[in-house]
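User: I would like to go through this model with you, one topic at a time. Could we begin with how you label its parts?

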Amino acid sequence: MSASHSQQPLTAISPYATALRTATCGELTAADVGRTVILTGWVAHRRDYGKLIFIDLRDRYGLTQVVFDPERSPETAEAHQVASEARLEYVLRVEGVVARRLPGKENPNLKTGAIEVEARRAEVLNAAKTTPFPIADRVTADEALRLRYRYLDLRRDVMRRQVELRHRAVKLIRDYMDTRGFVEVETPILTKSTPEGARDYLVPSRLYPGEFYALPQAPQQFKQLLMVAGIDRYFQIARCFRDEDLRADRQPEFTQLDLEMSFVSEEDVMGLIEGLLIELIQSTTEKHIKQVPFPRIAFAEAMATYGNDRPDMRFALLLVELGELARLGSFKVFGDALDRGGVGKGLRAPGMAAATRKELDELQEFARLHGAKGLVTLALLPDGPKSPLTKAMSPDELSQIVARMGGEPGDLLLFVADEAKVANDVLSRLRLRLGERLGLIDPNEMALCWVVDFPLLEEIEEDGKRRYHATHNPFSGMRPGEEPLLDSEPLKVTARQYDIVGNGYEIGGGSIRINVAELQRKVFELLGLSEEQIAEQFGHMLEAFELGAPPHGGIALGIDRLVMLLGDGETIRDVIAFPKMQNGQDALMRAPSPVEEGQLRDLHLRLREPERKPV
């Protein structure tokens, strides 16, 4: 029951008042006691004590407890009847008087916890069936079911907070860019298919049979053309589309902050982004930044010490290459790996020497699962080392290995001997697993760094042939003075590329671009494009460069991944209102889906049966 109150006239007391409500369910306090209010929302909880019914009414702004007492008046008796028939997730409109909760009945965890609303009138705006899963922050429903009913999932406070965090982050980005002279320009969604990395999503043209638009993988060419146009500071919250193989932290469509600047160096772009990220973290979270300015690490060093080019620098476990020490003793696994051009690398797990057989087996299985042929362990126990290596190496040889690894009594040393790519990948995954297991990762810390000095090109095998491939994109410039290496040793050219990494995730990447037509043409030729392909796919860019292209550079930040880190989401699906499932399908809209034969005819398309792979 509620304490007594005096009635006040019914007035809108909220900036969010509408024709159907005077206040939201998240703003009433003790200062509003005595006011007559109208609330609208969903039934979050319902407690029926016979005479009294309590309903927690929920909207986007919070919860308000409403009490229904049938004995106050004929009107309240009717409201009580409505409450007795209401069920979870019914949409209600309630008119009543704000009253203090009785002493001891307050809820300090709610902004509205000091008050309740004594209902006078109530109506059901819409009844609801039983939901497929409870609307609660702790939900056990399978993610596929939650995505099928995403509009219900978004009623949960934890999901609403992610949506609002994304809104605040994007607003801050826009304000930040605006105050620094950037102009937001929308670039086309229907554009031209060009080879920039992933597969394009193609859109058939009805008016031009046999021809296609492509959805943009990024606004790369348009933003460079804006620099030629003299729009020297451009940005866009850009929608991008890539028909990639599916991964847990990627979506077929995503959003990025895209920007480009003229007359700049790497320092200009990186300084701008550091300032933005610092402001974002400090304004939207309570996380602390590990180091400012952000450290910079060369690509080669990142691969050598972290095993990848997106190092998680919140903790200090580093990979160590054994070098020629791997040939010590008679342990053939190490020596054979070096003979094949591979490496022997290790990782120190502090304090894990007493790991059980089961724990060691789990680490072995984890390594094999990710491509290693095996995992060698060396436990530094008080009564001496325990390892398969003790049978193949002398005590002195073992001590050299331990010294190279920086091992101390009580540590467990882990080794992988394989080709560099496999050893790096397996050990980098083990490093993260151990960091989590040993409690070395501070969840309230943001460790950001720049990875720089990437090779401009790499050599890959495709259709049985070796060819050059751009490590990032074909538009990146190269370290001044290295241009002649394109003719002699292209793999030694260093890109003017910079990636920004946070807590082990690549947040974004950019570069200082090529702005000279002949240099850009030479890169295209190294990538294997013919003169006809260059003219067809990039002729417009080369022509623009010949008409006065300024030096320029830019970057793109992944909004989805950035907000995931700010909001402690487990995957980027947590911070996208309507994401695709991991298999690329839209569970809510049931897309992709077939279309009618008439639509195909209009587009001059005919379907053919997919090729079946032999069993």
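Analyst: The helix labels stand for DSSP runs of H or I of at least four residues, the strand labels for runs of E of at least two, and both are numbered from the N terminus. Please keep in mind that this is a predicted model.

User: Noted. Which peptide bond near P592 is cis?

Analyst: The bond joining A591 and P592 is cis, with omega about 0°. P592 belongs to the loop between α15 (559-566) and α16 (597-602).

User: What is the phi of R590?

Analyst: R590 has a phi near 60°, which is positive even though the residue is not a glycine. R590 is also in the loop between α15 and α16. As background, most residues other than glycine have a negative phi, and most peptide bonds are trans.

User: And what about the bond from V292 to P293?

Analyst: The V292 to P293 peptide bond is cis, with omega near -5°. P293 sits in the loop between β11 (288-289) and β12 (296-298).

User: Back to positive phi: what is the value at D453?

Analyst: D453, which is not a glycine, has a positive phi of about 60°. D453 is placed in the loop between β19 (448-452) and β20 (457-462).

User: How accessible is D453?

Analyst: D453 has a relative accessibility of 37%. Partly exposed covers the range between 20% and 50%, so D453 counts as partly exposed.

User: Let us turn to pockets. Which residues lie nearest the centre of the second largest pocket?

Analyst: They are Y201, L202, P204, P592 and S593, from a lining of 22 residues. P592 is thus both the residue that follows a cis bond and one of those nearest the centre of this pocket.

User: What is the volume, and which element gives the most to the lining?

Analyst: The second largest pocket holds about 960 Å³ of space. Strand β7 gives the most to its lining, with three residues. Both β7 (202-204) and α16 supply at least two lining residues each.

User: Changing topic, how are the strands ordered in the five-stranded sheet?

Analyst: The order is β13-β14-β17-β15-β16, in an open sheet with antiparallel pairing. At the edges stand β13 (319-321) and β16 (384-386); each has a single partner strand, so one side of each is left without a neighbour in the sheet. From one strand to the next, the twist averages 25°.

User: How many bridges join β14 and β17?

Analyst: Seven bridges join β14 (residues 343-349) to β17 (residues 412-418), and the two strands run antiparallel. One of the pairings is that of G344 with its bridge partner A417 in β17.

User: Which helix packs on that sheet?

Analyst: Helix α10 (residues 395-405) does, touching β13, β14, β15 (376-381), β16 and β17. The direction of α10 makes about 95° with that of β17.

User: I am also interested in α13. Which of its residues are buried?

Analyst: In helix α13 (residues 517-526), the buried residues are A517, Q520, V523, F524 and L526. These buried residues pack against β20, β21 (465-470), α12 (485-488) and α14 (531-545). After α13 comes G528, with a positive phi near 90°.

User: Is the spacing of some of those residues informative, and what is the general reason?

Analyst: In general, an α-helix has 3.6 residues a turn, so residues three or four places apart point the same way.

User: Now T305. Is it buried or exposed, and why?

Analyst: T305 has 19% relative accessibility, and it therefore counts as buried. T305 lies in helix α7 (residues 299-306), and its side chain reaches the backbone oxygen of E301 at 2.7 Å. Apart from neighbours within four places in sequence, T305 is in contact with I297, L318 and L319.

User: And F263: buried or exposed?

Analyst: F263 is exposed, with a relative accessible area of 63%. F263 is in the loop between β10 (253-262) and α6 (266-284). Leaving out neighbours within four places in sequence, F263 is in contact with D268, P550, P551 and H552.

User: Finally, what does G62 touch?

Analyst: G62 touches C25, G26 and L57, with residues up to four places away in sequence not counted. G62 is in strand β3 (residues 62-68). The C-alpha atoms of G62 and L110 are separated by 8.0 Å, while the two residues are 48 residues apart along the chain.

Definitions and conventions. Residues numbered from 1 in each chain as written. Predicted model: local features only at pLDDT ≥ 70, side-chain atom pairs only at ≥ 80, totals over all residues. Heavy atoms only, no water. Buried < 20%, exposed > 50% of the residue type's maximum accessible area, 1.4 Å probe, protein only. Contact = heavy atoms within 4.5 Å. Polar contact = N/O pair within 3.5 Å; in protein donor to acceptor, adjacent residues only side chain to side chain. Pairing = 2+ DSSP bridges. Axes fitted to C-alpha atoms, helices over the stretch in contact; angles between N-to-C directions. 1 Å grid on protein atoms, 1.4 Å probe; cavity = no way out; pocket = protein on both sides within 12 Å on 5 of 7 lines; lining within 4 Å. Points joined across faces, edges and corners; volume = space filled by probe spheres on them.
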